[in-house]
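I wanted a record of how the helices pack, what sits in the core and where the backbone does something unusual. These entries follow the order in which I looked.

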Amino acid sequence: MATRRTTKKPNVSKEELLGYYRDMLLIRRFEEKAGQLYGMGLIGGFCHLYIGQEAVVVGLEAAAEEGDKRITSYRDHGHMLACGMDPKGVMAELTGREGGYSKGKGGSMHMFSKEKHFYGGHGIVGAQVPLGAGLAFADKYLENGRVTFTYFGDGAANQGQVYETYNMAQLWDLPVIFVIENNQYAMGTSVARSTKSPSLWERGAAYGIAGEEVDGMDVLAVKAASEKAVAHCRAGNGPYILEVKTYRYRGHSMSDPAKYRTREEVQKMREERDAIEHVRQLLLSGKHATEDELKAIDKEIKDIVNEAAEFSKESPEPALEELWTDIYAETAPQNA
Ligand SMILES: Cc1ncc(C[n+]2csc(CCOP(=O)(O)OP(=O)(O)O)c2C)c(N)n1
Ligand SMILES: [Mg+2]
């Protein structure tokens, strides 16, 4: 695990730091609430929490501009919140209600937002990687200057389709950032047990793709790397790979026996590397905020999450007729 971390006087404004604190905290509290609702039987099916990985998506999104696209796996709630999707709509989708982003018919892994250019939510490991390159192909074709953030895990990074995608993305200079969220485990399989070439980003070299490794527990480091990757893509230089070293605190999904790592390992990461605590310390030590001001933000976030949870319980279940809608496209898709 990389230990580089921004500890001294980072060149970042108070507003930016507060923004990252807020955005990461929203994801964490939202996920904690989702975990509770799952435990209460209000959320059915699969549910993969993002707790611990918040700095990855918040740092990446810090370099995104309006119109840029994002696509990810099933561990997707954080990505939705970070790109500005409504917490109420996300939580109501988790509880399978009408007010959810997929009208309660998609659940945790299948939500989309045309408005926020969020293309899912994909349950098949690695499937979103070629789709992400496809989105970037469309942008290149339309010459609209957009980039696509394509997220996938360390487990997915061993799949063949990832390398076929690398080859084509580089061949066609597609504006796609491949973000490998290396949280060190694929379900219960550690990276060390799945590959002997642990530097996942360096595999892009076989195709001539530039990239780098980033400390994913440091939102400022992720943001800086994201800016570099975005500039590379927007300048027409083709794809870029960011391997973001991170860690998930919770199980793979809500039904994880957690036998493949020790409690101490998790505890150590939480205590020594937590990304939210890092920004909290930067805010306090830089005298950008007082404990009381941070408490007020905590309360604000708690209220947003509670409101989302209330909405997700009150919104009705989808009507029976909805079984027959949204199955086939009724009109040919137009250029986005
Ligand atoms: C093609 C395919 N194979 C297997 C699975 C079962 N599966 C779901 S998640 C997962 C592990 C993926 O790990 P990683 O890519 O590291 O992502 P993370 O869960 O750590 O975010 C597996 C094997 C699946 N969903 N799809
Ligand atoms: Mg993983």
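I count two residues as in contact if their C-beta atoms, placed from the backbone, lie within 7 Å. The model is a predicted one.

**Entry 1: the core**

I started with I177 and left aside its neighbours within four places in sequence. On that basis I177 is in contact with V147, F149, T150, A229, V230, C233, Y240 and L242. I then looked up the largest nonpolar core, which holds 82 residues. I177 is among the members that touch the most others, along with M24, L242 and V279. Helix α1, residues 14-39, supplies the largest share of this core, 10 residues. In soluble globular proteins, nonpolar side chains tend to be buried together.

**Entry 2: α1 against α11**

Two packed helices are described by the angle between their axes and the distance between the axes. For α1 and helix α11 (residues 291-314) I read an angle of about 40° and axes 9 Å apart. The angle makes α1 oblique to α11. The crossing of α1 past α11 is right-handed. On the α1 side I listed Y21, R22, L25, L26, R29, F30, K33 and L37. They meet I297, D298, I301, K302, I304, V305, A308 and A309 of α11. Sorted by class, this contact has 11 nonpolar and five charged residues, with no polar ones.

**Entry 3: α4 against α11**

I next took helix α4, residues 87-94, which also packs on α11. Here the angle is about 45° and the axes are 8 Å apart. That makes α4 oblique to α11, and α4 passes α11 in a right-handed crossing. From α4 the residues are P87, K88, M91, A92 and L94. Opposite them in α11 I found I304, V305, E307, A308, A309, F311 and S312. The classes come to nine nonpolar, one polar and two charged.

**Entry 4: α5 against α6**

How far apart are the axes of α5 and α6, and at what angle do these helices pack? I found 8 Å between the axes and an angle of about 20°, for α5 at residues 128-142 and α6 at residues 160-171. This makes α5 roughly parallel to α6. The crossing of α5 past α6 is left-handed. V129, P130, A133 and A136 make the contact from α5, and Q161, V162, T165, M168 and A169 make it from α6. I counted seven nonpolar residues, two polar and no charged in this contact.

**Entry 5: K140 and D68**

Is K140, in helix α5, buried or exposed? K140 is buried, because 21 other C-beta atoms lie within 10 Å, and 20 or more is the cut-off. Apart from neighbours within four places in sequence, K140 is in contact with W172, L174 and P175. The C-alpha atoms of K140 and L37 are 42 Å from each other, with the two positions 103 residues apart along the chain.

D68 lies in the loop between α2 and β1 (69-71). I found 21 C-beta neighbours inside 10 Å, so D68 counts as buried. With neighbours within four places in sequence left aside, the contacts of D68 are H117, R146, V147 and F149. D68 and R270 are 202 residues apart along the chain, and their C-alpha atoms are separated by 32 Å.

**Entry 6: positive phi**

Most residues other than glycine have a negative phi. I looked up some that do not follow this.

E143 has a positive phi, near 50°, and is not a glycine. E143 sits in the loop between α5 and β2 (148-153). E143 is exposed, because it has 8 other C-beta atoms within 10 Å.

D173, also not a glycine, has a positive phi of about 50°. Its place is the loop between α6 and β3 (176-182). D173 has 14 other C-beta atoms within 10 Å, so it is partly exposed.

K287 follows α10 and has a positive phi near 55°.

**Entry 7: α10**

Which residues of helix α10 (residues 275-285) are buried? I listed A275, I276, H278, V279, R280, L282 and L283. V279 is also one of the core members from the first entry. The cover over the buried residues of α10 includes α1, α2 (54-61), α8 (219-234) and α11.

Terms used:
Residues numbered from 1 in each chain as written. Chains lettered and ligands numbered in written order. Predicted model: local features only at pLDDT ≥ 70, side-chain atom pairs only at ≥ 80, totals over all residues. Axes fitted to C-alpha atoms, helices over the stretch in contact; angles between N-to-C directions. Helix = DSSP H or I, 4+ residues; strand = E, 2+ residues; numbered from the N terminus. Parallel < 35°, antiparallel > 145°, perpendicular 65-115°, else oblique. Left-handed = near helix turned anticlockwise from the far one by under 90°. Nonpolar A, V, L, I, M, F, W, Y, C, P; charged D, E, K, R; others polar. Core = buried A, V, L, I, M, F, W, Y, C linked by C-beta atoms within 7 Å. Buried ≥ 20, exposed ≤ 12 C-beta atoms within 10 Å, placed from the backbone.
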